[in-house]
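Below are some notes on the model, set out as numbered points. Please read them alongside the coordinates.

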Amino acid sequence: MADSSIFWLRVAAVLYAMGLLHSMLAILKRRNDFYGFALGTFRVGVVLQGVAIVELAMAEGRLPVENFYGTVNLCAFLIALAFLFVDWRYHFASTSIALFPLVFLMTLVAGMRQPAPAWSDVRVRDAWLIVHIVLVLVGYAALLLTAVSSVFYLVQERRLKSKKSPSLLEKLPPLGTLDDLISTSMGFGFVFITLGVIFGVMWAYIELGTKWVGNASISLSFLTWGLCLAMIFMRASAGWRGRKAALMALVVLGCGALTWVAHAGLRPTLIP
Amino acid sequence: MKLLITGLSHHTAPVEVREKLAFEEKSLPGALDRLCQRPGMVEGMILSTCNRVEVAVTAEESSDAANSVDEFLAEARSVEPSWVSPYLYHYNGPDAIRHLFRVASSLDSMIVGEPQILGQLKSAYMLAKEHGSVSGFLDLVMTRAFNVAKRVRTETEIGSSAVSVSYAAVELARDIFGSLSGKRVLLVGAGKMAESAARHLRRAGVSDILVTNRTRSRADALAEEFRGRVVEYDDLACTLPDVDIVIASSGAPHFILTKDLMQGVINRRRHRPMFLIDIAVPRNVEPTVNTLDGIFVYDIDDLDRVVKSNLTARVNVAEQAEEIITEEVERMMLRLKSREVTPTIVSLQEQLELVRMSEIERVRAKLGVLTPQQQEAIDAMTRGIINKIAHAPITEMRRKANDPEGIQLIHTIRKLFRLGEG
C-alpha cells in the first residue's frame, strides 16, 4: 500500500507540473490561457495526493507526519486545499502563480521518500549535473540583470521624483523600458532556476538517496528559489516596483551568490 | 563676386521694428524681383520670420551692395532708411558664410537649438530658387548651410532637450513610460497650455485622450479636436486608475487630486507609474502626491525649471557647435578658393592669347609675305613669351589656392590683367 501511495503521489506531482507550466507561461508571456487546464489537473492532483496520504495513513496506522517527507507532503496537500477553497470562495486566481510551483516542488520532494535506483550510466549522471549547473547559472545571470535594472530603475525614479536632470543620469533608459527589462529578466530567471532546482533535486535524490534532504547547500538552494518565487509573486500581485523591488532583487541575487559559493565543491561534497 | 547678408534680428531690434520690416509671404516674389533688379545684384534671397529679417545677396565686386540692400529694405517696407539703419547688421564674405551657417544651425536663434529656423530657411531658399533668384554662388553656400545644420544636429545634442513647457512635459512622459504608444491621457479642465501639451502628446503617439470639465460643451469641443471622449466630471475618481498621464488645468480653487485619492488609485494600478502634470494655478494636485511610489507630479514651476535647465545645457552644447561652424566655414572658403582658381587661370590664358593674336595681326602687314616656317617661328616665339609671362601668376595662384590670401591674389591678378568678374 505504501508503494501505491508513492505512485499516486508521483502522479499528483506530474499533474501539478501543469500548474508550474501555467505559472511559467503567465510570467513570461503574461497570459493566462493555460489557467483553466492547469486548474483542472491541479484539482485531480489534489485528489490523488489525498488518496496517497490516506493510503499511507492506513498502511502505517497513523497520520504520516513522522518524518520530513511526510510533513512536506501533508503541508503541500493543505496548501493545495487552501488554494482551491480560496479560488472557489473568492476567485483569487492570481495566487496560483506562486502556489502552483510551490505545491509542485513540495510534492516532488515528498515523492522522494524511497531511495531510487543508482545511475545506470555515469555519463548520464554527469550530463544531468551539467544541465543542472547550466540552468542555474543562466537563471543567476538573468537575476543579475534584474538586480542591475532594478537599481537603475531606482536611480531614474529618484531623479524624476527630485525633478533634477543631471546629464549623466539622463542617459538611463526610461522607467517603462527598465520595468519591461526587469519583468522579462525576472521571469526568465525564475524559469531557469526552477528547472535547475528540479534537475538538482532529482540528481541529489538519485545520488544520495533520501539523505540529500539534510544537505545545507541544497536547503540554501530552496531558500533562493523560494525568495525568487516570492519576488515574482509580489511583483505580479502587488506590483512591487522601485525601492521594494530593487531591495528584493538584491536579496535574491545575494542569496543566489551564497548558494553558488555553497555549491563550489559540489562533486567532492556529494560524491561519497 | 561678393556675398553679403544684411538684416536685423531679435539680437538687434525690438519686436516693433521687426514687425515693420517683416515681409508677408505673398509679397516675397515681387520683393525678390525688385531686389535682383538693383544695379550690381546677381542673386538674392529673403528670410523673413518673427525673429529676423535677412537679405542674402551676391553682387558684383564693384557694386555698393550694402547700401543698395539697405535702400531696398527701406523702400520695400516703406520706412525711412535712417530709422532702420541702426538696427541693421551687414556680413561680408567669410563672416556672411559663418552667419548663415549659425542661423541654419539655430545658434543665432532666440531659443538656441530650436528646429523651426532650418525649415524657414529652407522655405526661403526654395522660394528664391523657384523664382530664379538663387542659382550659382548663393545656391552653393545655402546647400552647404543645410548640410552644416544637419551635422550640428547629428554631432551635438543641441536639439535633444525640450525648451517649451508643453514639450518638456512630453519629454518627461517619455522618461517615465518610454514609448507613449498605447498610453491614455486625461485632461482635467481645458486650459490652453493643457491643450498644447495634449497636442504634443498626441503627436508623440498617445492613443487615447479623455477629457473632463465642469463645462460640458468645452469638454465636448476638446474631445472632438483630439478624437477623444468625454468623461463625466463626477466619474473622475473611478477613471483615474485606467489613465497613465493626467494633465490638470482646472480652475478649481482647491486640490482635486489629493494624496488619499491618489493612494487608492496607485494601489488599484498595482503601482504602475503615473504622470501628473499640474499646470493649473492654483494647483489641482496636492504636492505630497509626489511622495507616493509610482506617481510623478510636475507643476508649472517644475516644468519651467526643466526648460531653464535644458536651455542652459543647450548654451553649453552651443560651444561645441561653434567649433563645427568654424571648421565648416574654413572648409567652405577653401572650396570657394579652389573654385575661383581654375576659371581665373583659363581667363588669364585666354586674355594673353587674345593679346598675342591681336599683336601678330597688327604687325603682319609690316612683315610682308611670310613663309609657313616663318609664320610658325613667330607663333612659337609669341606663345613662348605669353607662357613665360603667365607662368609665375599661374604657379602662384595654384600654390596659394588653399591659403587665406589666395582669394586676394586671385582678385589682384584679375585686376592687373583686366580679366573682368567671374
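1. In this predicted model, strands β1 and β4 (residues 89–92) of chain B run antiparallel and are joined by four bridges. Within that pairing, Leu4(B) stands opposite Asn92(B) of β4(B).

2. β1(B) also pairs with strand β3 (residues 52–59) of chain B, again in the antiparallel sense, over eight bridges. Here Gly7(B) has Glu54(B) of β3(B) as its bridge partner.

3. Is β1(B) enclosed or not by the rest of the structure? Strand β1 covers residues 2–9 of chain B, and seven of its eight residues are buried, so the strand is largely enclosed by the rest of the structure.

4. β3(B) pairs with β2(B) as well, in the antiparallel sense and over seven bridges. Ser48(B) of this pairing stands opposite Val53(B) in β3(B).

5. Taken as a sheet, these strands of chain B follow the order β2-β3-β1-β4, an open arrangement of four strands with antiparallel pairing. The edges are held by β2 (41–48) and β4 of chain B; each has a single partner strand, so one side of each is left without a neighbour in the sheet. From one strand to the next, the twist averages 15 degrees.

6. Which helices lie across strands of this sheet? Helix α3 (residues 65–76) of chain B lies across β1, β2, β3 and β4 of chain B and runs at about 40 degrees to β1(B). Helix α5 (residues 93–104) of chain B lies across β1, β3 and β4 of chain B, and its angle to β1(B) is about 50 degrees.

7. Some totals for chain B give the setting. The chain has 15 helices and ten strands. Of its 422 residues, 40% are buried. Among contacts in chain B with a separation of 6 or more, 71% are between residues 24 or more positions apart.

8. Turning to chain A, helix α3 (residues 68–90) packs on helix α4 (residues 96–110) at an angle of about 155 degrees, and the axes are 8 Å apart. The angle is over 145 degrees, which makes α3(A) roughly antiparallel to α4(A). The crossing of α3(A) past α4(A) is left-handed. From α3(A) the contact includes Tyr69(A), Val72(A), Ile79(A) and Phe83(A), and from α4(A) it includes Leu99(A), Leu102(A), Met106(A) and Ala110(A). By class, the residues of this contact of α3(A) with α4(A) are 13 nonpolar and two polar, with no charged residue.

9. A second helix pair in chain A is formed by α5 (residues 122–162) and α9 (residues 242–262), which pack at an angle of about 150 degrees with their axes 8 Å apart. α5(A) and α9(A) are therefore roughly antiparallel to each other. α5(A) passes α9(A) in a left-handed crossing. Residues in the contact include Tyr140(A), Leu143(A), Ala147(A), Leu154(A) and Glu157(A) of α5(A), along with Arg243(A), Ala246(A), Leu253(A), Gly256(A) and Trp260(A) of α9(A).

10. What classes of residue make up the contact of α5(A) with α9(A)? The contact of α5(A) with α9(A) has 14 nonpolar, four polar and two charged residues. For the contact of α3(A) with α4(A), the charged class is empty.

Conventions
Residues are numbered from 1 along each chain as its sequence is written. Chains are lettered from A and ligands numbered from 1 in the order in which they are written. This is a predicted model: local features need pLDDT of at least 70, side-chain atom pairs count only at pLDDT 80 or more; totals for chains, interfaces and linings use all residues. Helices (H or I, at least four residues) and strands (E, at least two) are DSSP runs, numbered from the N terminus. A residue is buried if 20 or more other C-beta atoms lie within 10 Å of its own, exposed if 12 or fewer, and partly exposed in between; C-beta atoms are placed from the backbone. Two residues are in contact if their C-beta atoms, placed from the backbone, lie within 7 Å. Two strands pair if DSSP finds at least two bridges between them. Axes are lines fitted to C-alpha atoms, for helices over the stretch in contact, and angles run from 0 to 180 degrees between N-to-C directions. Angles under 35 degrees count as roughly parallel, over 145 as roughly antiparallel, 65 to 115 as roughly perpendicular and the rest as oblique. A crossing is left-handed if the near helix is turned anticlockwise from the far one by less than a right angle, and right-handed if clockwise. Ala, Val, Leu, Ile, Met, Phe, Trp, Tyr, Cys and Pro count as nonpolar, Asp, Glu, Lys and Arg as charged, and the others, Gly among them, as polar.
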